Amino acid sequence: MALSRRKMLKRAAAAGGAVLSPQVVTGQAPAQLTGTQTGRRFKAFVRHGTGASVEELKLRAIQPREVLVRTQASAVCYTIVGGALATTTVQQASIPNHSGMGVVEAIGPLVKRVQVGDRVVVPGTPQCGVCYQCLHGRADWCQFLDTAPAHPMAEMADGTQVFEGASLGGLSEIMVVPEEYCCPVFTDLPAEQLTLLGDTVGTGLAAGRDLVQIEPGWNVVVQGAGPVGMGAIQTARLANAGQVIVIEPIRARREIAMKVGGTIALDPNAEGNGLIAKIHNLCKGITDRRFAGGRIFGERFLAVPDGADFVINAVGSDWFPPKVEAGPDPTAILPLQQCFDFTRAGGHIVMLGVAWRGNVSFNAAQFSNRGRTFYSGQQGGLNMLRDIPRYVKLIEKGVIDMKSMITRTYPIERTREAVQDVADRTVLGAVITFS
Ligand SMILES: [Zn+2]
Ligand SMILES: [Zn+2]
């Protein structure tokens, strides 16, 4: 049914919504653009009370700078499984997760970045482009993260207000997000592949590019081959690393790691205390000549580099004991510590894995003078507006293998099973897909 613009605005005002789509202006309004989305019913996985369940929700009015995205896919991140599966009482109902992708169905009147009909990746970190951090090359720490308004986006049948985890949720048929969280992508790639750019695999891909770059020929170590580590393995391959040494306890993951760019995959349980020596051995190169030639005549000279050039740590703390091969340390402190020892003097260490508990300590002289440089950030330092479109092109070209990153897809009704599988680490990439 065609509606005049005046009628549309009147209807929106009457419903208290501020939603105005550009398509309304051009008179191409499809059925969903009734002037407001307020009151729209949709399904979402909600953590509320002492548990979590799929609920039918009623959408509240969206704000002038917000975007309504009809979700097409959202990959469950391991960092949310502890909260999503817990049975403790929560004061605030919320939709877990922190990434997704979908199609823009409505925008507030002040939104400029996207239009109705755009496909967008909604990553875990926003990018406003005008804050101190964005202008200092650290879009991953965009200050909009701290100022994003936390207001309920929907309510349950009993009137309980529902918020979106990390301002965006994801395990929901609808996401309502500030435009700063939207990265438009102009591509026909499958949604389940694109959504991985918003969090796990995108984080790993950023590790070799954003804060510091892998140089061609370098020896790279990737500690942990979950979805984040898999992105890191691929970024090392893209950078033409000399070796990509993967350390991962789960056999199935080691196999995928070798398929997407690993040159050798080690089991930390099998290597035990010999792991550091093994890495040094793999990185030593020639032993009887200096690196750029010349004989060694017994003088005091370190013939071989003392470790890898570039080390990426993508091991996170366990929320629950895995149902597959467990790593050597559930706190993830040991792998973090080992990364330091894997790295040569002057080498680089990028931290991606989230360690929740404990402290790390280093030998003071080693830490102060041995010249390893640490980089840490949100999503590996991802500059989403610049990098996500770049990664889209590389997936289209077949250079980045996203297909192998997805081991199972689930409908929204089976979200709990997906979260459990991720908690058990029996899947690599678990993606909720929406019709
Ligand atoms: Zn995540
Ligand atoms: Zn910013």
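**A parallel sheet and a zinc site**

Strand S11, residues 219-223, pairs with strand S14, residues 308-313, in the parallel sense, and 4 bridges join the two. Within this pair, Gln223 has Asn313 of S14 standing opposite. The model in which these strands appear is a predicted one.

The pair belongs to an open sheet of 6 strands, whose order is S13-S12-S11-S14-S15-S16. In that order S11 and S14 sit side by side, and the pairing in the sheet is parallel. At the edges are strand S13 (264-266) and strand S16 (373-376), each of which pairs on one side only. From one strand to the next, the twist averages 20°.

The second part to look at is the metal site. Which residues are the protein donors of the zinc ion (ligand 2)? They are Cys128, Cys131, Cys134 and Cys142, each through its SG atom. These atoms lie 2.3 to 2.4 Å from the zinc ion. Along the chain, the donors follow the spacing C-x2-C-x2-C-x7-C.

Why is the arrangement around the zinc ion tetrahedral? The 4 donor atoms subtend angles of 104 to 117°, and four donors count as tetrahedral if all angles lie between 85 and 135 degrees. The arrangement is therefore tetrahedral. For four tetrahedral donors, the ideal angle at a metal is 109.5 degrees.

Are Cys131 and Cys134 buried or exposed? A residue counts as buried when its relative accessible area is under 20%. Cys131 has a relative accessible area of 12%, so Cys131 is buried. Cys134 is at 14% relative accessibility and therefore counts as buried too.

Methods: Residues are numbered from 1 along each chain as its sequence is written. Chains are lettered from A and ligands numbered from 1 in the order in which they are written. This is a predicted model: local features need pLDDT of at least 70, side-chain atom pairs count only at pLDDT 80 or more; totals for chains, interfaces and linings use all residues. Side-chain values use heavy atoms; hydrogens and water are left out. Donors are N, O and S atoms within 2.8 Å of the metal (3.2 Å for Na, K and Ca); water is not among the atoms, so sites may look incomplete. Four donors count as tetrahedral if all angles lie between 85 and 135 degrees; four count as square planar and six as octahedral if opposite donors are over 155 degrees apart and all others between 65 and 115; anything else is irregular. Buried means under 20% relative accessible area, exposed over 50%, partly exposed in between (1.4 Å probe, protein chains only). Two strands pair if DSSP finds at least two bridges between them. Axes are lines fitted to C-alpha atoms, for helices over the stretch in contact, and angles run from 0 to 180 degrees between N-to-C directions.
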